[in-house]
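Reader: I would like a close look at one part of this protein, namely the aspartates whose side chains make polar contacts. Please set them against the chain as a whole, and add the loop residues that deserve a mention.

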Amino acid sequence: MNEKLTVGIADMKMAKGSGVLITYALGSCIGLCFQDPALHLGALLHIMLPLNMEPGRKNPLKYADTGIRETLRQMEAKGASRKRITVKIAGGAKMFEVNGGNLGNIGQRNIESVHTILRQEGIRLLAEDVGGKVARTLLFDVVSGQGCIRSYGRQDVLF
């Protein structure tokens, strides 16, 4: 594993030929590891919310719907093919109990939105580690496609 690029919240980074992409603090947020194995091209997207209903759509990477589509657009601009692109996801935890609130479980809503958008875009979901009540750190090697999830009190999960 070579150079590490850190992906912030509501952010996406891409690497080709080598590199490890890493994102922290995946609570209810979801990290999506995109890969076109033929090009050794990978991207890591860190979304916060299921749908972009923000006027003007100032940060499309913050939302599952616009973030996934923007990542695919940028990968295709670098020569990636939707037929080859695969995705692995992690996150979507229920981090807090909200009494009396009508927010619902944002982690579960994120999971459902990601599944729906990937299906609509024709992208194969290879693996996931979602739900639960634990925050995750996600590392993704763009060449091998290997993901590693680190969480407090749990063994590392390779996927």
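Author: What follows starts with the whole chain, goes on to two aspartates and ends with three loop residues.

The model is a predicted one. Its secondary structure consists of two helices and 10 strands. Read from the N terminus, the order of elements is β-β-β-β-β-α-β-α-β-β-β-β. The radius of gyration is 15 Å, close to the 15 Å that the globule rule gives for 159 residues, so the protein is as compact as a globular protein of that length. Along the principal axes, the C-alpha atoms fill a box of roughly 50 × 40 × 25 Å. Of the 159 residues, 48% are buried. Among contacts with a separation of 6 or more, 62% are between residues 24 or more positions apart. The accessible surface is about 7,900 Å², and carbon and sulfur atoms account for 53% of that surface. The protein has 21 positive and 14 negative charges, and the mean positions of the two sets are 1 Å apart.

Now the aspartates. Asp36 belongs to strand S4, which covers residues 30-36. Its relative accessible area is 0%, so Asp36 counts as buried, the cut-off for that class being under 20%. Two partners of the Asp36 side chain can be named. One is the backbone nitrogen of Ala38, reached at 3.1 Å. Another is the side chain of Arg84, with which the Asp36 side chain makes a polar contact at 2.8 Å. Leaving aside residues up to four places away in sequence, Asp36 touches Leu41, Met75, Gly79, Ala80, Ser81, Arg84 and Ile85. Arg84 thus appears both in this list of contacts and as a polar partner of the Asp36 side chain.

Asp129 sits in strand S7, a strand that spans residues 124-130. With a relative accessibility of 16%, Asp129 is classed as buried, because the limit for buried is under 20%. The side chain of Asp129 makes polar contacts with two arginine side chains: that of Arg136 at 2.9 Å and that of Arg154 at 2.7 Å. Beyond four places in sequence, the residues that Asp129 touches are Ile89, Ala90, Gly91, Arg136, Ile149, Arg154 and Phe159.

The loop after S7 holds another residue to look at. Ala135 lies in the loop between strand S7 and strand S8, the latter being residues 136-141. Ala135 is partly exposed, at a relative accessible area of 33%. Not counting residues up to four places away, Ala135 touches Leu26, Gly27, Met95, Arg150 and Ser151. Ile149, which is among the residues touched by Asp129, is 14 residues from Ala135 in sequence and 9.8 Å away, C-alpha to C-alpha.

Two further loop residues stand out by their backbone angle. Most residues other than glycine have a negative phi. Ala10 has a positive phi, near 60 degrees. Ala10 is in the loop that joins strand S1 (4-7) to strand S2 (11-16), and is buried at 13% relative accessible area. His40 also has a positive phi, about 55 degrees, and is not a glycine. The loop that holds His40 lies between S4 and strand S5 (41-47). His40 counts as partly exposed at 34% relative accessibility. S4 is also the strand in which Asp36 lies.

Definitions and conventions
Residues are numbered from 1 along each chain as its sequence is written. This is a predicted model: local features need pLDDT of at least 70, side-chain atom pairs count only at pLDDT 80 or more; totals for chains, interfaces and linings use all residues. Side-chain values use heavy atoms; hydrogens and water are left out. Helices (H or I, at least four residues) and strands (E, at least two) are DSSP runs, numbered from the N terminus. The radius of gyration is taken over C-alpha atoms; the globule rule is 2.2 Å times the number of residues to the power 0.38. Buried means under 20% relative accessible area, exposed over 50%, partly exposed in between (1.4 Å probe, protein chains only). Contact means heavy atoms within 4.5 Å. Accessible areas come from the Shrake-Rupley method with a 1.4 Å probe; for residues, only the protein chains shown count as cover. Lys and Arg count as positive and Asp and Glu as negative; His and the chain ends are not counted. The place of a charge is taken as NZ of Lys, CZ of Arg, CG of Asp or CD of Glu. A polar contact is a pair of N or O atoms within 3.5 Å; within protein, one must be able to donate a hydrogen and the other to accept it, and residues adjacent in sequence count only if both atoms are side-chain atoms.
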